[in-house]
Amino acid sequence: MCGIVGYVGYREAHPIIIESLKRLEYRGYDSCGIAALGDKLVALKDVGRVVDFEKNSPRLHGKMGIGHTRWATHGAVTAANAHPHLDCNGKFAVVHNGIIENFQKLREVLEKEGHHFNSDTDTEVIAHLIEKYYQGDLVEAVSKALADITGTYAVVVTAEGHNELIAGRRESPLVLGVGDKENFIASDVAAILDYTDRAIYLEDGDTCIVTEDTIEISNNNQKINRETHVIPWSVEDAQKAGYEHFMLKEIHEQPKTIENTLRGHTTSERPVTLFGIEKEQRLEDVTLIACGTSYHAGLIGEYMLGKLCKVPTRVKIASEFDPSCMALDRTLIIGITQSGETTDTLRAIKHAKTLGCPTIGITNVQGSSVTRIADQILYTQSGPEIGVAATKTFLAQLTALYLLALSSAPLDVKNYESYMTKLKTLPQKVQRVLDDEQTIAKHGQQLAKYENAFFVGRGISYPVAMEGALKLKEISYIHAEAYAAGEIKHGPFALLRSNTPVIAIAPKDHTYDAILTSIKEIKARGPEVIALAQEDDDEIEQFVDVVIRIPEIDPLFSPFLNTVALQLLAYYAAKERGCEIDLPVNLAKSVTVP
Ligand code: M6R
């Protein structure tokens, strides 16, 4: 995915676009560029981060411009492949997020017609198509160009001789920021929080003409009004607030995140019901669909729904979703995506919908694509998450899934309230894990010296182990694998050495004796073992090298606490290794390509 921005107004566009691009870097950061329209259209672009680009390139003049920060899909990371892309005569500049599936064919035709290409990207065809169709009417030329394209896009176009920006979207996010005597276009609201708190979320098929004081939106050649929303996030939400990294700030925001997500759902009434849908439709089972960290939340959700609701539940990695073996219209689909923009997840939800399945989306982002696709939306309340590694949104997703499971479970009032009380005490307990940060940091720094690590857990702690391994590998580049503790002896044992630490999650639940057995078997083969165990566990210490203590809790709720400890472990390992924690190599915050 990439981040795109556009500005038109009374101020110089360059600094506004640069600042907005910095806010969007989590969407891609291998190269960046900007085009501004002053006396004429000038574009600059280069490989590398926005801050270096800002330092090394001249300031462009003009009160209208566009910008882009890239996560490469078509074409290597080179200055030529960075956006904006221009037509043959440098009259039209385009920034794009998405994938143009038929670009090869379009390029061949355009080349035959005499167009000269400067990059290997799919995007450049848009600039040449606009050039081809332009006969004085920019809107018409852009509309014709977009009509030729198959695939996905959010685009912003600026052109010499025009005081308007033209933008459009199909399956890639795009939002308009409404200002006074100035307007903004961006991939998401994080980019515009400094300038306005009013946003219009564009829908698929929308194109719009934006000037400094007008916004005109059309869909299917019909003018259309879209609601202006107040953005629920503040500028401070998108700043580091004194923390060295966004990831650390976001780890520390987790007590608040849980509290906010619970807000409004903690009475004995059950406002969020999983089977509210059941009134119209007899549901037989539930399928959770997600990617990455959200998939791990889904696995814990599966455990909770099975345990409390006794409903057959499965979790599918979104890109592996194959509805051909389901009861279809009697399967409830729950899509989990913090960004609401992950293409694999959106496609799976859409597919399920076309087959008649009722759908619920769990997301953190108002106006995101999933909110337009799923029948019902359950919002998590994390505020913007900027670090590429998901942290607070994971705990918020767990909170939402626990709420769903509890509100749908056949529990009597007493039991329901007892579980809700446990949910409500989570913020304090998470805070207690955070209070132990310095101890966990020490162990994280120790972990930094290894190149490989295993994470093991059983039952509800197995997905926690998966999440711990994902966090460690994505930010510290230590190769980490998660195994169900009972499974590691069926092959992976061959890899255990004294330089392969094993992190074992060992809450005091019904799997405790079994995980102790696994730990002993592992220890006998030489690795250092770090255990996450409850404060009152006085047994485990004799079998392991390090114990990270976790506050006492009903084991069903232990994923919240264990995950926070694993996040800190990964963070301090990565910091010790000098890694760029918020923007890990090769990754982007949400993956808007299939
Ligand atoms: O926005 P989503 O929740 O749909 O994103 C899914 C994954 O791409 C995401 O969780 C990814 O795995 C994170 N980098 C994990 O930290």
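# Exercises on cavities, a ligand site and two backbone features

The largest cavity has a volume of about 290 Å³. The structure in which this cavity is found is a predicted model, and the exercises below are to be worked with that in view.

## Exercise 1: The enclosed space

Establish how many cavities of 30 Å³ or more the structure holds, and then describe the lining of the largest cavity by residue class.

Solution. Begin with the count, which gives four cavities of 30 Å³ or more. Next, turn to the lining of the largest cavity, to which 27 residues contribute, with Tyr-26, Arg-27, Asp-188, Ser-339 and Val-365 lying nearest its centre. Finally, sort the lining of this cavity by class, which yields 12 nonpolar, eight polar and seven charged residues.

## Exercise 2: The open space

Determine the volume of the largest pocket, and state which element gives the largest share of its lining.

Solution. The volume of the largest pocket comes to about 460 Å³. Of the 21 residues lining this pocket, those closest to its centre are Cys-291, Gly-292, Thr-293, Lys-589 and Val-591. When the lining is assigned to elements, α8, α9 (343–354) and α14 each give two or more residues, and the largest share, three residues, belongs to α8. By class, the lining of the largest pocket consists of nine nonpolar, nine polar and three charged residues.

## Exercise 3: The ligand and its shell

Locate the ligand with respect to the pockets, and work out which residues and elements surround it.

Solution. The first step places the ligand in the largest pocket. Two elements, α8 (292–309) and α14 (461–476), give two or more residues to the shell around the ligand, and α8 supplies the largest share of that shell with three residues. The second step takes the 14 residues around the ligand, among which Ser-294, Thr-337, Ser-339, Thr-342 and Glu-474 come nearest. Sorted by class, the shell comprises four nonpolar, eight polar and two charged residues. Ser-339 deserves a second look, since Ser-339 is listed among the residues nearest the ligand and also among those nearest the centre of the largest cavity.

## Exercise 4: Polar contacts and burial of the ligand

Identify polar contacts made to oxygen atoms of the ligand, taking 3.5 Å as the cut-off between N or O atoms, and state what percentage of the ligand's area the protein buries.

Solution. Start with the side chain of Ser-339, a polar atom of which lies 2.6 Å from a ligand oxygen. Continue with the backbone, where an N or O atom of Ala-390 lies 2.8 Å from an oxygen atom of the ligand and an N or O atom of Thr-293 lies 3.0 Å from one. The ligand taken alone exposes 410 Å², and the protein buries 92% of that area.

## Exercise 5: Two backbone features in loops

Find the loop that contains Pro-84 and the loop that contains Asn-220, and describe the backbone feature of each residue.

Solution. Pro-84 belongs to the loop between β4 (64–70) and β5 (85–86), and the peptide bond that leads from His-83 to Pro-84 is cis, with omega near 0°. Asn-220 belongs to the loop between β13 (215–219) and β14 (222–224), and although Asn-220 is not a glycine, its phi is positive at about 55°.

Note on methods. Residues numbered from 1 in each chain as written. Predicted model: local features only at pLDDT ≥ 70, side-chain atom pairs only at ≥ 80, totals over all residues. Heavy atoms only, no water. Near = heavy atom within 4 Å. Polar contact = N/O pair within 3.5 Å; in protein donor to acceptor, adjacent residues only side chain to side chain. Areas by Shrake-Rupley, 256 points an atom, 1.4 Å probe, with all protein chains shown as cover. 1 Å grid on protein atoms, 1.4 Å probe; cavity = no way out; pocket = protein on both sides within 12 Å on 5 of 7 lines; lining within 4 Å. Sits in = over half its atoms within 2 Å of the grid points. Helix = DSSP H or I, 4+ residues; strand = E, 2+ residues; numbered from the N terminus. Nonpolar A, V, L, I, M, F, W, Y, C, P; charged D, E, K, R; others polar. Points joined across faces, edges and corners; volume = space filled by probe spheres on them.
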